[in-house]
Amino acid sequence: MFPLFRGPVTLFWHFREGADDFGCTLHRMTNKFDDGNIISQKIVKIEDGVSQSKTMELLAESSGNLVMRMLGDIEEGQLTEKFQDNTHASYQTFPENNDYSI
């Protein structure tokens, strides 16, 4: 989960690396890619055999819930942010042909 697998195709790298935990993260945007403070995160368990499209659906639903919670926190003046520890970060580019083989 963020800041792991930063980049344009995070789901590909989650599946490719056999990650057990998927998740969604809301973070403050900065002028650097995927680098702002973390506002909220949620781990989403994805069972073996679940398709990419179903994974995207589950993550989109969780992301929507995070946004709603964030808006409530803003309205109540309770929004908090956590500094993103870049020592645990990774960045993956678009896959190359050899990344599609096992």
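**Start at the core.** Select L11, F22, C24, L26, I39, V44, I46, L59, L66 and M70: these 10 residues form the largest nonpolar core. Now colour β1 (21-27), β2 (38-45) and α2 (52-75), the elements that each give two or more residues to this core. Keep in mind as you look around that this is a predicted model.

Stay with the core and pick L59. Setting aside residues up to four places away in sequence, L59 touches L11, F22, G23, C24 and V44.

**Zoom out for the whole chain.** Switch to a cartoon view and follow the chain from its start. You should find 2 helices and 2 strands, arranged along the sequence as α-β-β-α. The C-alpha trace spans about 50 × 30 × 20 Å along its principal axes. Of the 102 residues, 28% count as buried. Among contacts between residues at least 6 apart in sequence, 65% join residues at least 24 apart.

If you turn on a surface, about 7100 Å² of the chain is exposed, and carbon and sulfur atoms supply 53% of that area. Colouring by charge brings up 9 positive and 16 negative charges, whose mean positions are 3 Å apart.

**Next, helix α1.** Select residues 10-17, which make up α1, and show the side chains of L11, F12, W13 and H14, the buried residues of this helix. What lies over them? The cover includes β1 and α2. Then step just past the end of α1 to G18, where phi is positive, about 70 degrees.

**Across to T55 in helix α2.** Centre the view on T55, which sits in α2. Is T55 buried or exposed? T55 is buried, because its relative accessible area is 0%. To see its surroundings, show L11, F15, F22, I46 and V50, the residues in contact with T55 once neighbours within four places in sequence are left aside. L11, F22 and I46 in that group are also members of the largest nonpolar core. The side chain of T55 has a polar partner as well: one of its polar atoms lies 2.9 Å from the backbone oxygen of S51.

**On to Q84.** Move along to the segment after α2, where you will find Q84. With a relative accessible area of 1%, Q84 counts as buried, because the cut-off is under 20%. Which partners does its side chain reach? One is the side chain of R6, in a polar contact at 2.4 Å. Another is the backbone oxygen of G36, at 2.6 Å. Draw both distances and leave them on screen for the last stop.

**Last stop: two backbone oddities.** Look for F5 in the segment before α1. F5 is not a glycine, yet its phi is positive, about 60 degrees. F5 is also buried, with a relative accessible area of 11%.

Then select D34, in the loop between β1 and β2. D34 has a positive phi of about 55 degrees, again without being a glycine. Although its side chain is an acid that counts as negative, D34 is buried, at 16% relative accessibility.

Key. Residues numbered from 1 in each chain as written. Predicted model: local features only at pLDDT ≥ 70, side-chain atom pairs only at ≥ 80, totals over all residues. Heavy atoms only, no water. Core = buried A, V, L, I, M, F, W, Y, C linked by side-chain atoms within 4.5 Å. Buried < 20%, exposed > 50% of the residue type's maximum accessible area, 1.4 Å probe, protein only. Helix = DSSP H or I, 4+ residues; strand = E, 2+ residues; numbered from the N terminus. Contact = heavy atoms within 4.5 Å. Polar contact = N/O pair within 3.5 Å; in protein donor to acceptor, adjacent residues only side chain to side chain. Areas by Shrake-Rupley, 256 points an atom, 1.4 Å probe, with all protein chains shown as cover. Charge placed at Lys NZ, Arg CZ, Asp CG, Glu CD.
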